Amino acid sequence: MQFEERKEGDILIVEVLNNRLDAQAADDFKEKMVGYISGGNSQIVLNMSAVDFVDSSGLGAMVSVIKSLGENGQLSVCGAKEPVMRMFKLTRMNKVFAMFEEETKAVEAMS
Amino acid sequence: MKQRKIVFAIESDMKNVSLIGMTINKLCSLIPFSEVEAYQVELCVVEAVNNCIEHAYGSQRGHQVEVVFALENDKLVVDVCDTGKSMDEKAIEKADVAQLNIDPDNFHTMAEQGRGLPIMKQIMDTITYNTNDDGKNCLTLIKNI
């Protein structure tokens, strides 16, 4: 799993560079995201604009990440393509993660 | 009955599943399905193949997962087959789309697994599961066109 990350104030922006968040990638995704959290990041914007496909294992990894963040942390998702967004809606995950079309809006909402 | 059919197979390794997924997605453009519908069919097949690898073969490599993609007059039929441990025959019946419901204010209780079959039930029109006399298990996913 490849990410590109940068900070804007206290907010960590993580851009997923792989186009699939599936069973093959889920463990690595979770490990790296938990690494960011262990490193002191509690406000994270996940830019998924390069992601074409998420399966239930990928969603499970995202649920695990939000559990690791705890009640004081925040994880927002931005840039999800239409089919991926529909997957989030189908599994009600759009109620778990704040979803934004644009990264700037996600950062603004968290600031 | 007119039918067009292709059979393909992978070795039971998660790194091969995307090959099946991307092929299914492309084949769906023959129907033609929308981008969202093609994704959803791909998702169901990927979930079924993942289940074969994880549960039927216990995540062991070296086994075969076979996928049969068939276009009939008014429906798409995809069989996902393995020769490993059979699934509980009531698993499909027990899987409930209500399992996808969540309490967003209480995310600590959210399951990290177990959404595969409910997702398939939500998207597909019919799902059946059979084991033949040779021990071959086939999950059949049907979507009306």
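Select Val80(B) to begin: leaving aside neighbours within four places in sequence, Val80(B) is in contact (C-beta atoms, placed from the backbone, within 7 Å) with Val45(B), Ala48(B), Val49(B), Cys52(B), Val65(B), Val67(B), Cys138(B) and Leu139(B). The model is predicted, with local features needing pLDDT of at least 70 and side-chain atom pairs counting only at pLDDT 80 or more, while totals for chains, interfaces and linings use all residues. Residues are numbered from 1 along each chain as its sequence is written, and chains are lettered from A in the order in which they are written.

Next, colour Ile20(B), Cys44(B), Val45(B), Ala48(B), Val49(B), Cys52(B) and Val80(B), which touch the most other members of the largest nonpolar core, a set of 68 residues. Such a core joins buried Ala, Val, Leu, Ile, Met, Phe, Trp, Tyr and Cys residues through C-beta atoms within 7 Å, buried meaning that 20 or more other C-beta atoms lie within 10 Å of a residue's own. Helix α2(B) gives the most to this core, with 12 residues.

Now keep α2 of chain B (residues 35–56) and add α3 of chain A (residues 82–90), both helices being DSSP runs of H or I with at least four residues; their axes, lines fitted to C-alpha atoms over the stretch in contact, come within 9 Å and cross at roughly 60°. That angle makes α3(A) oblique to α2(B), a class for angles outside under 35, 65 to 115 and over 145 degrees. Show Glu82(A), Pro83(A), Arg86(A) and Met87(A) against Glu35(B), Val36(B), Tyr39(B) and Leu43(B), the residues that make the contact.

Finally, widen the selection to the chain contact, where 23 residues of chain A meet 25 of chain B, and where α2(A) gives the most to the chain A side, with eight residues.

Notes: Axes are lines fitted to C-alpha atoms, for helices over the stretch in contact, and angles run from 0 to 180 degrees between N-to-C directions. Helices (H or I, at least four residues) and strands (E, at least two) are DSSP runs, numbered from the N terminus. Two residues are in contact if their C-beta atoms, placed from the backbone, lie within 7 Å. A residue is buried if 20 or more other C-beta atoms lie within 10 Å of its own, exposed if 12 or fewer, and partly exposed in between; C-beta atoms are placed from the backbone.
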